[in-house]
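Could you walk me through this structure from the overall layout down to a few individual residues? I am new to it and would like a guided tour.

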Amino acid sequence: MTSTASAAGPSVIRVLLVEDDAFAMSCLTEMLQAIQQSSKRFNLPPLPLEIECATSGEAAWSLLRSRPFHLALVDLDLPGITGLDLSWCYYESSLHAKGNGNSASDPEPRTAMIACTSADVPMERLLEAGVRTFKIEGRLKSPEYVYVSTLAYRRAIDEAWERREAAAA
């Protein structure tokens, strides 16, 4: 099933969950279903989600190549093709593919990939993989913690871009 976009938004929001841990996959699925149901409870417009799951990077790559997704939640610590490798492959292929949502004539948006990990991944590898946005978990943290964490990420990103530009020169 292919979703279509309109001025009001997509008729269906296609979500790909990529997680090799069955419990984490179940939690993510339940969370998305709860979000979908909450729109009814709070008298909000419907949030029609179509959720597909993959337990490996290989299965996720096959799904990403076969049909468009609006959002992919990807575990970076997958066996085989890692989530980081998956993100890089998707980013590189979408730069050169037609129908990737990068022009006004393309009806499908590019997939927004959200990577989740507890591993320490070098900033350069994240940038090479097409990662452009970082979320800092600060819900239960002090404003000072969020400030220091944001500052550290900003510096690491800036330094990685400077090294990347210097290497290209």
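Here is a tour that begins with the whole chain and then visits its helices and some of their residues.

Before setting out, please keep in mind that this is a predicted model. The chain has 169 residues, of which 33% count as buried. Along it you will find 5 helices and 4 strands. If you read from the N terminus on, these elements come in the order β-α-β-α-β-α-β-α-α. How much of the contact map comes from residues 24 or more positions apart? Among the contacts in the chain with a separation of 6 or more, such pairs make up 66%.

Let us start with helix H1, which covers residues 22–41. H1 has 20 residues, and from its first C-alpha to its last it reaches 28 Å, close to the 28 Å expected at 1.5 Å a residue. At the start of H1, look for Asp-21: one of its side-chain oxygens comes to within 3.1 Å of the backbone nitrogen of Phe-23. Which residues of H1 are buried? They are Met-25, Thr-29, Leu-32, Gln-36, Ser-38 and Ser-39. The spacing in such a list is easier to read with the geometry of a helix in mind. An α-helix has 3.6 residues a turn, so residues three or four places apart point the same way. As for what covers the buried residues of H1, the cover includes strand S1 (13–18), strand S2 (49–54) and strand S3 (71–75).

Gln-36 deserves a closer look. This residue of H1 is on the list of buried ones, and a polar atom of its side chain lies 3.3 Å from the backbone oxygen of Leu-47. Leaving out residues up to four places away in sequence, Gln-36 touches Leu-47, Pro-48 and Leu-49.

Just beyond the helix, the chain does something worth a pause. H1 is followed by Asn-43, which has a positive phi, near 60°. Asn-43 takes this positive value although it is not a glycine. You can find Asn-43 in the loop between H1 and S2. Is Asn-43 buried or exposed? With a relative accessibility of 72%, Asn-43 counts as exposed, because the cut-off for that class is over 50%.

Next comes helix H3, which spans residues 83–96. Two of its residues make a good pair to visit. Ser-87 has a relative accessible area of 11% and is buried, because that value is under 20%. Apart from its neighbours within four places in sequence, Ser-87 is in contact with Met-113, Ala-129 and Val-131. Tyr-91 is also found in helix H3. At 17% relative accessibility, Tyr-91 counts as buried too. Tyr-91 and Arg-110 are 19 residues apart in sequence, and their C-alpha atoms are 9.4 Å apart in space.

From Tyr-91 we can step across to helix H4, where Glu-128 has its place. Glu-128 touches Trp-88, Tyr-91 and Arg-164, again not counting residues up to four places away in sequence. Its C-alpha atom is separated by 9.3 Å from that of Glu-92, a residue 36 positions away along the chain. Glu-128 counts as partly exposed, at 42% relative accessibility.

The contact with Arg-164 leads on to helix H5. H5 runs over residues 143–168 and has 26 residues. Its reach from first C-alpha to last is 37 Å, close to the 38 Å expected at 1.5 Å a residue. Which residues of H5 are buried? Ser-149, Ile-157 and Ala-160 are. Helix H4 (123–128) is among the elements that cover these buried residues.

A few side-chain features round off the tour. Arg-14 lies over the face of Phe-69, at 4.5 Å from the ring centre. The count of aromatic pairs comes to 0. The structure also holds 0 disulfides. As for the cysteines Cys-53 and Cys-89, Cys-53 is partly exposed with a relative accessible area of 41%, and Cys-89 counts as partly exposed at 27%.

Notes
Residues are numbered from 1 along each chain as its sequence is written. This is a predicted model: local features need pLDDT of at least 70, side-chain atom pairs count only at pLDDT 80 or more; totals for chains, interfaces and linings use all residues. Side-chain values use heavy atoms; hydrogens and water are left out. Helices (H or I, at least four residues) and strands (E, at least two) are DSSP runs, numbered from the N terminus. The expected span of a helix is 1.5 Å times one less than its number of residues. Buried means under 20% relative accessible area, exposed over 50%, partly exposed in between (1.4 Å probe, protein chains only). Contact means heavy atoms within 4.5 Å. A polar contact is a pair of N or O atoms within 3.5 Å; within protein, one must be able to donate a hydrogen and the other to accept it, and residues adjacent in sequence count only if both atoms are side-chain atoms. Rings of Phe, Tyr and Trp (its six-membered ring) pair if their centres lie within 6.5 Å; planes under 30 degrees apart count as stacked, over 60 as edge-to-face and the rest as tilted. A charge sits over a ring if NZ of Lys or CZ of Arg is within 6 Å of the ring centre and within 35 degrees of the ring normal. A disulfide is a pair of cysteine sulfur atoms within 2.5 Å.
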